[in-house]
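Visitor: I would like a close look at a single part of this protein. Please take me through how one helix packs against its partners, and then show me what lies around it.

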Amino acid sequence: MSSLLRHPLTALVGAVLLTLSWVGVWTTGAQHALGTLVVVAVSGLAILGASFLLAWGAETAEKDVPRAFALAVLAILAVAPEYAVDAYFAWTAGTNAGTEAGREAANLAVANMTGANRILIGLGWSGIALFSIHKARQHDGARLIEQNVQFGDSIPLDRDIATEILFLFCATVYAFFVPFGGGIDAMDTIVLVSLYAIYIAIIIQGEVGAEEHVGVPAYFQRRPRSVRIPIVFVLFFYSGFLIFTAVEPFAHGLETLGLQFGIPPFFMLQWIAPLASESPELIVTAYLVNKARSTAAFNALISSKLNQWTLLIGTLVVVYSLALGQYGVLPFDRKQAAEIWLTAAQSLFAISVLINFQISVREAVTILVLFSSQVVAEFILLQTLPPAQAATYSYWLLIAYSICYIVLALALFWKRHAALREVLRLTAAKVRRARVRGAEESQD
C-alpha cells in the first residue's frame with residue numbers, strides 16, 4: 001500500500017482529482033447557480049491541481065527542449081488569464097472609444113497590467129526568495145546559502161539566467177518612455193514584441209538540460225520520446241484549459257467577497273484580480289523551490305515578468321485597434337502614467353538585486369516592504385479622502401515610491417557594475433552559441 005502511495009502516478013491522479021469538480025461545474029454551467037464561496041473553493045482547487053500539472057509538464061519537457069524555453073512556455077500558460085482580462089478591458093475601451101466608459105476601460109487595462117507586474121515582483125520574487133532561503137536552511141544551508149555581512153544570508157542563482165535578466169532590463173528601460181507617447185502605441189508594440197521574439201529565438205537554441213528529476217517528471221522522462229512528447233502536450237493543454245477557465249471565476253469571486261467588505265472596485269481590479277491570475281505562477285515556482293530548484297523558479301518568474309512586460313503591453317494596442325476598427329493609441333490618464341513609471345522603477349530595482357546572481361533576506365524583505373507599504377498607503381488614501389483629493393495624493397505617492405526605487409536601483413548598479421558587465425558577457429556568449437548551433441542544424 002505504501003509503495004502505491006509513493007508511485008508517481010498516484011500524485012498525478014491526485015492532481016487531476018483536484019480539477020474534476022471544476023470541469024463538471026464548467027461543462028454544465030453550474031457556477032452561476034452556486035454560491036460565491038463554493039465557486040472560489042472549487043475553482044481554487046482546480047488552479048492548484050493545474051499548477052502541479054503545468055510544472056510537471058515543463059519539467060518533463062526539459063528532456064527534449066532547453067530548460068529556459070520550457071519555463072518560458074510555462075510562464076505564458078500560467079499568466080494566460082491575465083492576458084484575457086487585459087484584452088477584455090482593451091477591447092471594451094476600443095468599442096467605447098471617446099466615451100467615459102471607454103476611458104475608464106483603458107485605464108483599467110493599464111491598472112490591471114501594472115498591478116499584475118508589481119505583484120509578480122513584490123510578492124512573487126520576494127516570497128520565493130525567502131522560501132528558498134528557508135528551505136536551504138532546513139536541508140543544506142552550508143551548500144545552498146551564501147553568507148553576506150551587509151545583506152544577510154542569500155540564495156545563489158545559476159548564471160544561466162543572465163539572458164533573462166538582460167532582456168528584462170532592456171524592456172524595463174524602454175517602459176519608462178511609454179507614458180511620454182500619450183498612450184500605448186504601435187512603436188511600443190514593435191519594440192516590446194520584438195524584444196520578446198529575439199529572446200525566444202536565443203533561448204530555443206540553448207542546450208537541452210541533463211538535470212535529474214524525481215517523481216512524476218522522472219517517470220515520464222523514462223518513457224520513449226514518441227510517448228513523452230504527447231504527454232507533455234496533454235499536460236500543457238489540460239492545465240492551460242483549467243487555468244484559462246477557472247481563474248476568471250476565482251478572481252471574480254474574490255472581488256465579490258472583497259466588495260462585501262467595502263474594498264473599492266478599482267482597487268479590487270488592480271490588485272485582487274491580478275493576484276488571482278498570478279496564483280498559478282506562484283504555486284508552480286513554490287513547487288520548484290520545494291524541489292531545491294531555486295534557479296528554475298526564478299527563471300520562470302523572470303520569464304513571466306518579461307512576457308508580461310513585453311507581450312502583454314505590446315498586444316494591448318492591437319486588441320484596442322481591432323475593437324476600434326482602425327489603428328488607435330490606447331489612452332490612459334496621468335495616474336496610470338505614474339503606475340507605469342512605478343512598475344518600471346520596481347522592476348529596475350528588482351533587476352539590480354538579481355544582477356549579481358543572488359538575492360538575500362534583506363533584499364527580499366526590502367522588495368516586500370516597499371511593495372506592501374505602497375499598496376496599504378494607497379488603500380488608506382482611497383478609503384479616507386474624497387475621490388478627487390485621493391487621486392491627487394495617490395499620484396504623488398506613486399511618484400515618490402518611483403523615485404525611491406530608482407535611487408536604490410542606481411546605488412546597487414553602481415556598486416555592482418562588474419556584475420552588469422558579466423551579464424552582458426554571458427548573454428553575448430549564449431548568442432554566439434545559439435548562432436553556431438543554428439548554423440550546424442541548417443547544415444545538417
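Guide: Here is a walk around helix α14 and its surroundings.

This is a predicted model, where local features need pLDDT of at least 70, side-chain atom pairs count only at pLDDT 80 or more, and totals for chains, interfaces and linings use all residues. Residues are numbered from 1 along each chain as its sequence is written, and side-chain values use heavy atoms, with hydrogens and water left out.

First, the setting. The protein has 17 helices and two strands. Both kinds of element are DSSP runs, numbered from the N terminus: helices are H or I with at least four residues, and strands are E with at least two. Of the 444 residues, 53% count as buried. Buried means under 20% relative accessible area, exposed means over 50%, and partly exposed lies in between, with a 1.4 Å probe and protein chains only. Contact means heavy atoms within 4.5 Å. Take the contacts in the protein with a separation of 6 or more: residues 24 or more positions apart account for 83% of them.

Now to α14 itself. Helix α14 covers residues 334-354, and helix α15 covers residues 361-384. Their axes come within 10 Å and cross at roughly 165 degrees. Axes are lines fitted to C-alpha atoms, for helices over the stretch in contact, and angles run from 0 to 180 degrees between N-to-C directions. The angle therefore makes α14 roughly antiparallel to α15. Angles over 145 degrees count as roughly antiparallel, under 35 as roughly parallel, 65 to 115 as roughly perpendicular, and the rest as oblique. The crossing of α14 past α15 is right-handed. A crossing is right-handed if the near helix is turned clockwise from the far one by less than a right angle, and left-handed if anticlockwise.

Which residues meet? From α14 come Lys335, Glu339, Leu342, Gln346, Phe349 and Val353. From α15 come Glu363, Thr366, Ile367, Leu370, Phe371, Gln374 and Glu378. By class, this contact has six nonpolar, three polar and four charged residues. Here Ala, Val, Leu, Ile, Met, Phe, Trp, Tyr, Cys and Pro count as nonpolar, Asp, Glu, Lys and Arg as charged, and the others, Gly among them, as polar.

Look closer at Glu378. This residue lies in helix α15. Its relative accessibility is 2%, so Glu378 counts as buried. The side chains of Glu378 and Lys335 are joined by a polar contact of 2.9 Å. Another polar contact, of 2.8 Å, joins the side chains of Glu378 and Gln374. A polar contact is a pair of N or O atoms within 3.5 Å; within protein, one must be able to donate a hydrogen and the other to accept it, and residues adjacent in sequence count only if both atoms are side-chain atoms. Set aside neighbours within four places in sequence, and Glu378 is in contact with Lys335, Glu339, Ser394, Leu397 and Leu398.

Next comes another partner of α14. Helix α16 covers residues 387-415, and its axis lies 8 Å from that of α14. The two pack at an angle of about 20 degrees. That angle makes α14 roughly parallel to α16. Their crossing is left-handed. The residues of this contact divide into 19 nonpolar, five polar and three charged.

Now move to the loop between α14 and β2 (358-360), where Phe357 lies. Phi of Phe357 is near 60 degrees, a positive value in a residue other than glycine. Phe357 counts as buried because its relative accessibility is 2%.

Ser360 leads us to a distant stretch of the chain. Ile155 and Ser360 are 205 residues apart in sequence, yet 6.3 Å apart in space, C-alpha to C-alpha. Ile155 lies in strand β1 (residues 154-156). With 3% relative accessibility, Ile155 counts as buried.

Last, step back along the chain to helix α13 (residues 294-324), which holds Ser321. Ser321 is buried, with a relative accessible area of 12%. Leaving out residues up to four places away in sequence, Ser321 touches Gln326, Tyr327 and Gly328. The C-alpha atoms of Ser321 and Ala93 are separated by 9.6 Å, although these residues are 228 apart along the chain.
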